[in-house]
Amino acid sequence: VFGENSDVSHFKLLKALHAADVDALLPAAYLACTEYNSNALYDGANLLGMECFRTLVKGRFDFLLDLNDLMAKLSGDLLQQVGVYECQKEQNKIIRIHDLDAHIDAVHLRHAEGNSVVYTCLRGLCIGCKTKLVTLVNEKRREVWEKVPSYFGFTDDWNTLEGKLNSILSE
């Protein structure tokens, strides 16, 4: 905004939307601000005010907790759900999980995208199991996305928020 770095402009936009009580856009603004490191968040605290900052930090924590839970389940529950352990086509029957740490504590939904996670972090799976796992990871990622408004204290879902935004724009 107005030639400033994105971290400063994101926090300013969040503050303005919070002050104007534009809940149709607030969850997306909060989400944009979660992507910054702790130093940027603390710098933003001075600008945001305590109530808005507290909501941001709590929402970021809950969001990150669910994303980390998704990544943690990748090595057990999700492999079990797609039938990897029973698959007769597995290569050498050895499944290698590596580089998962790049997807842990990453506050970006793009780091939880199924193709990226499965093809980067898992070796030894047949193409059928990989395809099923990609689909399952993306379903779980979608569940996290659907919960984003609730992380920041909103009871409306994305569709309701979009309807509110459309109503604002049509006035």
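**Exercise 1. The two cysteines**

Decide whether C33 is buried or exposed, then find how many disulfides the whole structure holds.

*Solution.*
- Step 1: begin with accessibility. C33 has a relative accessible area of 0%, so this cysteine is buried. The labels work like this: buried is under 20% relative accessible area, exposed is over 50%, and partly exposed is in between (1.4 Å probe, protein chains only).
- Step 2: know your model. This is a predicted model, in which local features need pLDDT of at least 70 and side-chain atom pairs count only at pLDDT 80 or more, while totals for chains, interfaces and linings use all residues. Residues are numbered from 1 along each chain as its sequence is written, and side-chain values use heavy atoms, with hydrogens and water left out.
- Step 3: look for disulfides, that is, pairs of cysteine sulfur atoms within 2.5 Å. Searching the whole structure turns up zero of them. For C33, the nearest cysteine sulfur belongs to C52 and lies 7.7 Å away, and C33 is in no disulfide.
- Step 4: try C129 in the same spirit. Its nearest cysteine sulfur is that of C126, at 3.6 Å, and C129 is in no disulfide. With a relative accessible area of 2%, C129 is buried.

**Exercise 2. The overall layout**

Work out how many helices and strands the protein chain has, and in what order the elements run.

*Solution.*
- Step 1: count the elements. The chain has eight helices and two strands. These are DSSP runs numbered from the N terminus: helices are H or I with at least four residues, and strands are E with at least two.
- Step 2: read them off from the N terminus. The order is α-α-α-α-α-β-α-β-α-α.
- Step 3: take the dimensions. Along the principal axes, the C-alpha atoms fill a box of roughly 60 × 35 × 25 Å.
- Step 4: ask about burial. Of the chain's 171 residues, 40% count as buried.

**Exercise 3. K58 and its partner**

Place K58 in an element and find which residue it meets in a salt bridge.

*Solution.*
- Step 1: locate the lysine. K58 sits in helix α4, which covers residues 50-74.
- Step 2: check the side chain. K58 makes a polar contact of 2.5 Å with the side chain of D62. A polar contact is a pair of N or O atoms within 3.5 Å; within protein, one must be able to donate a hydrogen and the other to accept it, and residues adjacent in sequence count only if both atoms are side-chain atoms.
- Step 3: test for a salt bridge, meaning a side-chain nitrogen of Lys or Arg within 4 Å of a carboxyl oxygen of Asp or Glu. D62 and K58 pass, their closest N and O atoms being 2.5 Å apart.
- Step 4: explain the spacing. About one helical turn separates D62 and K58, because they are four residues apart in helix α4.
- Step 5: look further along the chain. F152 is 94 residues from K58 in sequence, yet their C-alpha atoms are 7.3 Å apart in space.

**Exercise 4. Other salt bridges**

How many salt bridges are there in total, and which helices hold D66 and K147?

*Solution.*
- Step 1: the count comes to six salt bridges.
- Step 2: one of these pairs D66 with K147, at 2.6 Å from N to O. D66 is in helix α4 and K147 in helix α7 (residues 127-151), so this pair ties together parts 81 residues apart in sequence. K147 is partly exposed, at 37% relative accessible area.
- Step 3: E146 and R142 meet in a salt bridge of 3.1 Å, N to O. Both lie in helix α7, four residues and about one turn apart. E146 is partly exposed at 35%, and R142 is partly exposed at 48%.
- Step 4: finish with a network, in which salt bridges link D23, D156 and K164.

**Exercise 5. Two loop residues**

Where does H108 lie, and where is D21 placed?

*Solution.*
- Step 1: H108 belongs to the loop between β1 (96-97) and α6 (114-121). At 15% relative accessible area, H108 is buried. Its side chain is joined to that of E35 by a polar contact of 3.3 Å.
- Step 2: D21 is in the loop between α1 (6-20) and α2 (26-34), and at 59% relative accessibility D21 counts as exposed.
- Step 3: check the backbone of D21. Its phi is near 60°, a positive value in a residue other than glycine. Most residues other than glycine have a negative phi.
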